[in-house]
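Please find below a colleague's note on the model under review. The points are numbered for ease of reply.

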Amino acid sequence: MQLTAGVYFYSSPGGLDFSGELCSNTIVLKGEKLTMVDPGTIQRLPELLERMVADGLDPADLESVILTHSHPDHLEASPVLAERFGCRLYISRVEREFLSQSAAVFYAQHQFPGPEVVFELCEEGPLVISGLELKLLSTPGHSPGGLSILWPLGKLLMTGDLFFPGTIGAFNIFGGNSGDMYKSVARLRDMGGVEKVLCGHGPAIIDRDMVIQNYRALFAEIAAKKAGGLM
Ligand SMILES: [Fe+2]
């Protein structure tokens, strides 16, 4: 569905229920061409492309895919898109290395990208694609090379699995780190001007009040976890 001008949000079927088969939310940004954030799984891809077409988007216009991190519920479909539409796949340098190390942990049930798949390695900083001026932010905690993506003009932040509506992401997994999680969430909270946050799972956070309330909920959770020795 179209969320706002130039921003399309395709929510994952499971929402915030992490007990079953996982697939991430997907975001499509429309500039001169299309940029996709986290295409999700191969299994969900046909449905995703159908939903894009129903919204008047032509998947053949896909120019770039940005991966918030390398977990298969976010990344698995990206090589298929690269092959079919010739789009570039952006991932952070740290996360690309982590992908190689974490195959056995995360990809047992998923298709691991073959050696023929080319990733564009990126770092924190500005990234201009399809005429959109984006800013990549290094936000480890859930995964070592995790990226959040800011589109300042749209006042939009995309956080991957760093946090969700009402709860922080998993940090007690391979590659996760509770100290980094805390620092990354605090860094994003202190960044002004964001009015919409789209996370890797769960519903959209669509106004400034919701953004502020969500950070309050996240820090209440962090404080409780720290008090309980869980973080
Ligand atoms: Fe994840």
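The points below cover the basis of the model, its sheet, a helix, the core and one loop residue.

1. This is a predicted model, in which local features need pLDDT of at least 70 and side-chain atom pairs count only at pLDDT 80 or more, while totals for chains, interfaces and linings use all residues. Residues are numbered from 1 along each chain as its sequence is written.

2. Five strands make up an open sheet of mixed pairing, ordered β8-β9-β10-β11-β14. Its edge strands, each pairing on one side only, are β8 (125–129) and β14 (196–199). Strands are DSSP runs of E of at least two residues, helices runs of H or I of at least four, numbered from the N terminus; two strands pair if DSSP finds at least two bridges between them.

3. Within this sheet, β9 (residues 132–138) and β10 (residues 147–151) are antiparallel partners over four bridges. S138 lies opposite L147 of β10.

4. Helix α6 (residues 208–227) has 20 residues and spans 29 Å from first to last C-alpha, close to the expected 28 Å (1.5 Å times one less than the number of residues). Just after α6, G229 adopts a positive phi of about 70°.

5. The largest nonpolar core (buried Ala, Val, Leu, Ile, Met, Phe, Trp, Tyr and Cys residues joined through C-beta atoms within 7 Å) has 50 residues, and V65 and I149 have the most contacts inside it.

6. F112 is in the loop between α4 (93–106) and β7 (120–122). With 17 other C-beta atoms within 10 Å, F112 is partly exposed (buried means 20 or more, exposed 12 or fewer, partly exposed in between, with C-beta atoms placed from the backbone). The C-alpha atoms of F112 and P79 are 9.3 Å apart.
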